[in-house]
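Colleague: Got a minute to walk me through this one? I'd like to ask my questions while we look at it together.

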Amino acid sequence: MALGTISGQSLVDDLITRLDSFASAYDATSLLSFINEGKDEVWKVLRTLDEDYFVAGSQAATSTDDDYFAGFSRSSREVNLPNNCREVRFIEVTTAGYEDLDFEFRRLSDPEFQVERKLATIAGSGSGRQQHAKYLYTIIGRRTLMLAQFLEAAVTAKIWFVRALDDLDLDSTLTEILHPFHKSIVTFALERATLALQEEQLSDEWLRRWRDDVRTLGLTAAPRDSSGPEFVSDWDGSEGQ
C-alpha cells in the first residue's frame, strides 16, 4: 500500500488477512463497519495530541456543504457553525478593513462573558466593541457559536476547526489519517470483529493499552512542524496484541 493512498477497500483487505479463517463470518459491510469504528477511535486519540490533525477551514460559497459558514451579522449574536465542526481553533475575519478583529473563547458561565452579553443587550444591536477589546464567544448546543457582544459590522470569516471524518466506503480514500496510523485502525477493527464472534465487548484494559499505543506512535513521529517528518521504521501495527 503506497503512502497517502489508504482506501476503505485496502483497510478491509488488511482486516481480512489478519482475521484469517474468521473473516468468512462477515460480509464486506460488516467488516467496513468495524473499520469505521476504528477510524473514529483513532480520530479521538489523535485529536488529544493537540497537533492540529483534522483541521480544516470553512467556506462561504456553497451552503449545502458540511464546511459552510455564513459569516457574522450586526443584528444577531448566534450563528451556526459548519455541520462537521467539532472544535473551533481560530476565527479569521476576511472582510477588508476588519481583518484585525479578535475573538476569544469563554465558557458560558464566565463572569466577563455574562457581563459583556448583558451590556450589549442593553446597548442594542450594532453597538460593537469598546476600543481594543476582543469579541468574546462561546459554543452552545450542537454547533451554535454565541457572541457576547454585537459586531460593529457584518463580516465574512473563515472558521478554522477540527472536522469530523466521514465514514469510509470501499471506494473512498482516507486522506486525513496519516501512515502508519491506519494500522491502528485495523488493529481496533480486528479486536472488535474477533470479540463480536464471541458476543463479547472490548475490555477497558485493552482499549486503554490500544489508545496508549496510538499516542506512543504519535510521539515517536517527528513534530508536525518539522520539514522532514519521520516515523519509526519498525512499527508493525501489532499494538495491543
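**Contacts, rings and a buried glutamine**

Modeller: Let's start with contacts: among those in the chain with a separation of 6 or more, 73% come from residues 24 or more positions apart. Keep in mind that this is a predicted model.

Colleague: Okay, what pattern does the chain follow along the sequence?

Modeller: There are 5 helices and 9 strands to place. Reading along the sequence, they come in the pattern β-α-α-β-β-β-β-α-β-β-β-β-α-α.

Colleague: And how much of the chain counts as buried?

Modeller: The accessible surface comes to about 13100 Å², and carbon and sulfur atoms own 47% of that. For burial we go residue by residue, with under 20% relative accessible area as the cut-off. Of the 241 residues, the share that counts as buried is 41%.

Colleague: I see rings next to each other. How many aromatic pairs are there, and how are Trp43 and Phe54 arranged?

Modeller: The count comes to 11 aromatic pairs. Trp43 and Phe54 are one of them, with 6.2 Å centre to centre and 35 degrees between the planes. Planes under 30 degrees apart would be stacked and over 60 edge-to-face, so with 35 degrees this pair is tilted.

Colleague: Where do those two sit, and are they buried or exposed?

Modeller: Trp43 is in helix H2 and Phe54 in the loop between H2 and strand S2, 11 residues apart. Trp43 has 12% relative accessibility and Phe54 has a relative accessible area of 3%. Since the cut-off is under 20%, Trp43 is buried and Phe54 is buried.

Colleague: What about Phe72 and Phe103: stacked or edge-to-face?

Modeller: Their centres are 5.3 Å apart. Phe72 lies in the loop between S2 and strand S3 and Phe103 in strand S5, so the pair ties together parts 31 residues apart in sequence. The angle between the planes is 15 degrees, and the pair is stacked.

Colleague: Which charged residue sits over the ring of Trp160?

Modeller: Look for a charged end 5.4 Å from the centre of that ring. A charge counts as sitting over a ring if it is within 6 Å of the centre and within 35 degrees of the ring normal. The residue is Lys158.

Colleague: Last one: which backbone atoms does the side chain of Gln149 reach?

Modeller: Gln149 is in the loop between strand S7 and strand S8, and with 4% relative accessibility it counts as buried. Its side chain has two backbone partners, each at 3.0 Å. They are the oxygen of Lys134 and the nitrogen of Leu136.

Definitions and conventions
Residues numbered from 1 in each chain as written. Predicted model: local features only at pLDDT ≥ 70, side-chain atom pairs only at ≥ 80, totals over all residues. Heavy atoms only, no water. Helix = DSSP H or I, 4+ residues; strand = E, 2+ residues; numbered from the N terminus. Buried < 20%, exposed > 50% of the residue type's maximum accessible area, 1.4 Å probe, protein only. Polar contact = N/O pair within 3.5 Å; in protein donor to acceptor, adjacent residues only side chain to side chain. Contact = heavy atoms within 4.5 Å. Areas by Shrake-Rupley, 256 points an atom, 1.4 Å probe, with all protein chains shown as cover. Phe/Tyr/Trp six-rings, centres within 6.5 Å; stacked < 30°, edge-to-face > 60°.
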